[in-house]
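Please open the model in a viewer and display side chains as sticks. The tour below proceeds by selection, with a note on what each selection shows.

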Amino acid sequence: TLNKGIYALLGPNGAGKSTFMNILVGNLLPDGGEILYQDEQTPAKNIREMDRDYRAKLGFMPQYPGMYPNFTVEYFMQYMAYLKHTEKKSKAAKKTNEIQTEITDILKAVELYDLRNMKIQALSGGMKQRLALAQAVLGNPSVLILDEPTAGLDVMARESILNLFREYMEEDGERTILISSHISSDLESLCDDLYMIHDGKIVLHEDTDVLLSDYALLKVNAEQYETLEKQYILKVKKESFGYCCLTDQKQFYLDNYPQIVIENGTIDNVITMMIRGAAI
């Protein structure tokens, strides 16, 4: 269940992250299972019954966004605005000058306004990422689905994009962002909850703060492993020194096993252990 907040979707390549996101926005239909969507105004509906009203609440940035290379930055945004706002909607609630004002504000926010007359084919990879994000937030969607939005960006550009996400949530606390990324530091500083998937299935769902505070890696030799309390061990992996164990009860082992090596959990090592480690 995704309510308001920022959620991370984690997993190795091929885990199903992009497939899941494309199902959420209606680009693909699921082979099985059921995905429901609802808000305060509508009852729960199956994703297969997705209608125009539901789509209007979504902003989507795919991993490999397709953009017409001969369009200018501004014209591309105008074109996307035309696709997102029907003729009827534009006349009733979104006058042309209001849409243009929105485009201008968004391009300034992603630092592309000065390049608004440049053709997309002349943009750098990072600039194209920012433009892809710009079209995703166009129309003020209540749900943003972002597939690798900071891929290919340098440190400064990534920080700028992450700040945009934070500002977007601060403007309206009822919004929801689902984001996938291979850059764990982005997720640690941004996301409220983490969903880890492997082979299309959720293998771990955890609050980000809990993962960073309570999860740990225990590095033990064979003798220590035999005497270790294994009730709180999630995964174990054989290593040259003995065993590496993943736990979500770091304090228990700090209190009861002061002689063993205990390393703080990070998103990266939790992913590695959940995927490559074995169950007790």
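Select Ile179 first, in this predicted model. Leaving aside residues up to four places away in sequence, Ile179 touches Ile6, Tyr7, Ala8, Leu9, Met21, Leu146, Pro149, Phe165, Leu187, Leu190 and Cys191.

Next, extend the selection to the nonpolar core. The largest such core comprises 54 residues, and Ile179 is among those with the most contacts inside it, together with Leu131, Leu146, Phe165 and Ile177. Helix α7, residues 155–171, contributes the most to this core, with seven residues. A second, separate core has 16 residues, including Tyr7, Val25, Tyr37 and Ile145.

Now isolate α7. Its 17 residues reach 24 Å from the first C-alpha to the last, close to the 24 Å expected at 1.5 Å a residue. Its buried residues are Ala157, Arg158, Ser160, Ile161, Leu162, Leu164, Phe165, Tyr168 and Met169. To view what covers these buried residues, add elements including β1 (5–10), α5 (96–109), α6 (125–137), β5 (143–147), β6 (176–180) and α8 (184–190).

Remain at Tyr168 and show Arg175: the charged end of Arg175 sits over the Tyr168 ring, 3.8 Å from its centre. For another such arrangement, select Lys230, which lies over the face of Tyr225 at 4.4 Å from the ring centre.

Finally, turn to the aromatic pairs, of which the structure holds ten. Phe71 and Tyr75 form an edge-to-face pair, with 4.9 Å centre to centre and 85° between the planes. Tyr75 counts as partly exposed because its relative accessibility is 43%, between the limits of 20% and 50%. Adding Tyr68 and Tyr79 to Phe71 and Tyr75 displays one aromatic cluster.

Terms used
Residues are numbered from 1 along each chain as its sequence is written. This is a predicted model: local features need pLDDT of at least 70, side-chain atom pairs count only at pLDDT 80 or more; totals for chains, interfaces and linings use all residues. Side-chain values use heavy atoms; hydrogens and water are left out. A nonpolar core is a set of buried Ala, Val, Leu, Ile, Met, Phe, Trp, Tyr and Cys residues joined through side-chain atoms within 4.5 Å. Buried means under 20% relative accessible area, exposed over 50%, partly exposed in between (1.4 Å probe, protein chains only). Helices (H or I, at least four residues) and strands (E, at least two) are DSSP runs, numbered from the N terminus. Contact means heavy atoms within 4.5 Å. The expected span of a helix is 1.5 Å times one less than its number of residues. Rings of Phe, Tyr and Trp (its six-membered ring) pair if their centres lie within 6.5 Å; planes under 30 degrees apart count as stacked, over 60 as edge-to-face and the rest as tilted. A charge sits over a ring if NZ of Lys or CZ of Arg is within 6 Å of the ring centre and within 35 degrees of the ring normal.
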